Amino acid sequence: SPTSASRHATQRNTFIRWSNKHLKRRGLKIASLEDFQDGVVLCNLLEVVSGKSVQYNKTPKVTPHKLENCAVAIRFVEGEGVKLVNISGNDIYNCNEKLVLGLIWTLILRWQMRYHDGSAEQELLKWLNSKIGHQFPIKNFTSDWNDGRALCALNNSIYPGICPEALKMDPNTPLENATIGINVALEKLGIADLVQPDELIERDLDKLAMMTYISQFAALPTFAGQVTYMNAAPESSEGRTKVYSGKEQSIFVTFPSSFQGELRAKLRSPSGKDVPFEMKPVDSADIPPHLLPARHERTASMMAADSAVGRSHSYSQIQLDDATAQSSARRVSMDVSQLFTRAYEILLIPGELGMYEFHSSKTNETDLPLQNARFESMID
C-alpha cells in the first residue's frame, strides 16, 4: 500500500542517515544499502559505533573476499553478545533490504539506545514522559509526534528557552512546527536530523525511525561538566547537577589549539577514594553545542588588563539533568568554542553521593595543573 511504502522509505532513509552520521568520522558515506555489499563500509561502521577494532579485508577484490567481510561483520556483532536471527553474510552481500535494515536496527539498539529489544520502546516512552508528559503525554512514536509540537517541547525540556512556545503552536501547521523542532534540535543540541519534517508529519510515520531519532535526545549527557584549560594556570569551577548514582555519566574536557601533550586525570569520590573511569579522545564537533562555552561580554581592554597582571581565564558550563539552569564560570568577548580543537570524554559511574573532585595535568610537564572541578552527585 502507499502508506506502507512511505513508512518503509522513511525507515530506510533514517537508517542510512544514522549510518552516515557515524561513517563521517572515517570520511565515508553511503547512498544506499547496496554500499554495504563488500563489507568494508559495514566493518568501518561497526568500529566507529563500538569503539573496537574489526579484522577484515580492506581491499576485497573478488566475491569470496567480500562475502568473508560480511561474515566477519556478523560474527563481530554476535561476539558482542547481540543475538541475530536469520541473517548471514550472504544476505548483506545480496542486499536483502529487510534483513539489512533489521541488522542496522540491532546496531542502533545495542550502541545508541543500549537497550534490549523488548524494553527499548517502554524505557524511551518513560523517559519522554518524565520530560514532557505534563504538557504532551506521549504514548507512541507515531501519531503523537505528527503536529511537531511535542518535538519542540522536548527541545525546550532539554535546554530551556530554545523552543518555549510549544504549547502556543498551531497544531494545524504541522510542517512548520516540525521544521522548527528539527532545526532547533540540530543547531542548539547537535541532534542529527535523521528524520525530515515531511516524514515526521506523515500519518503513517515509521516507529523505528522515530525511536532512532528521539533516542539521540535521551543519549545527551546528563552529567556533563565541561572543563577547559587556558594558559596552563590552575583554576577551579564548581557545578551542581542531579544524577542517579550508579548510572554512567559523561564529563567533557576540552582544550584550545595551543594545548600540547597528553592529558593525565584523576577523579576522587566524596570519601577521597580514586574513582575508576574510562577516558577517550573525541571529536570536539561531537560535543553538544549547548555544552560548549558561550559568547562572553568582556571587552578587549578588560582582557588586556587581565593579561597585564597575568590573570588567566577558564570556562566551565554545567548542563543540569532537569535542564533548569546552566552556569558559566567566565565569559569572553569572542566565540571561544572555535578555539577548542582537542577534547576528551570521561565516562564514570558515580557510586557515592556527594562532591566529586576532578584533577588534570599534562603528561609532558611535571604535574602541571590544568584544571580542577567539582561536581555534586545527588539522588533526584
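**Exercise 1. Classify Lys168 by its relative accessibility, then examine the partner in its salt bridge.**

Solution. At 71% relative accessibility, Lys168 is classed as exposed, because the cut-off for exposed is over 50%. The model is a predicted one. The side chain of Lys168 meets that of Glu165 in a salt bridge, with 3.8 Å from N to O. Glu165 has a relative accessible area of 40%, so Glu165 is partly exposed.

**Exercise 2. Which parts of the chain does the salt bridge between Glu47 and Arg26 tie together?**

Solution. Step one is the distance: the closest N and O atoms of Glu47 and Arg26 are 2.9 Å apart. Step two is the location: Glu47 belongs to helix α2, while Arg26 sits in the loop between α1 and α2, so the pair ties together parts 21 residues apart in sequence. Step three is the exposure. Glu47 counts as buried at 12% relative accessibility, and Arg26 is partly exposed at 37%.

**Exercise 3. Do the same for Arg110 and Glu80, and name the network they belong to.**

Solution. In the salt bridge between Arg110 and Glu80, the closest N and O atoms are 3.7 Å apart. Arg110 is in helix α5 and Glu80 in the loop between α3 and α4, so this pair ties together parts that are 30 residues apart in sequence. Glu80 is buried, at 17% relative accessibility, because buried means under 20%. Arg110, with a relative accessible area of 28%, is partly exposed. Together with Lys52, Glu80 and Arg110 form a network of salt bridges.

**Exercise 4. Check the span of helix α10 and describe how it is covered.**

Solution. Helix α10 covers residues 207-218, which makes twelve residues. The expected span is 1.5 Å times one less than the number of residues. For α10 this should give 16 Å, and the end C-alpha atoms are 16 Å apart, which agrees. Next, the cover: nine of the twelve residues are buried, including Tyr213, Ile214 and Phe217. At the start of the helix, a side-chain oxygen of Asp206 comes within 3.3 Å of the backbone nitrogen of Leu208.

**Exercise 5. Which residues touch the most other members of the largest nonpolar core, and which helix gives the most to it?**

Solution. The core has 75 residues, and those that touch the most other members are Phe36, Phe141, Trp145, Tyr213, Ile214 and Phe217. Among the elements that give two or more residues are α1, α5 and α10. Helix α5 gives the most, with ten residues. Take Phe36 as a case: leaving out residues up to four places away in sequence, Phe36 touches residues including Ser19, Ile30, Leu45, Cys70 and Ile104.

How values were computed
Residues numbered from 1 in each chain as written. Predicted model: local features only at pLDDT ≥ 70, side-chain atom pairs only at ≥ 80, totals over all residues. Heavy atoms only, no water. Helix = DSSP H or I, 4+ residues; strand = E, 2+ residues; numbered from the N terminus. Buried < 20%, exposed > 50% of the residue type's maximum accessible area, 1.4 Å probe, protein only. Polar contact = N/O pair within 3.5 Å; in protein donor to acceptor, adjacent residues only side chain to side chain. Core = buried A, V, L, I, M, F, W, Y, C linked by side-chain atoms within 4.5 Å. Contact = heavy atoms within 4.5 Å. Salt bridge = Lys/Arg side-chain N within 4 Å of Asp/Glu carboxyl O.
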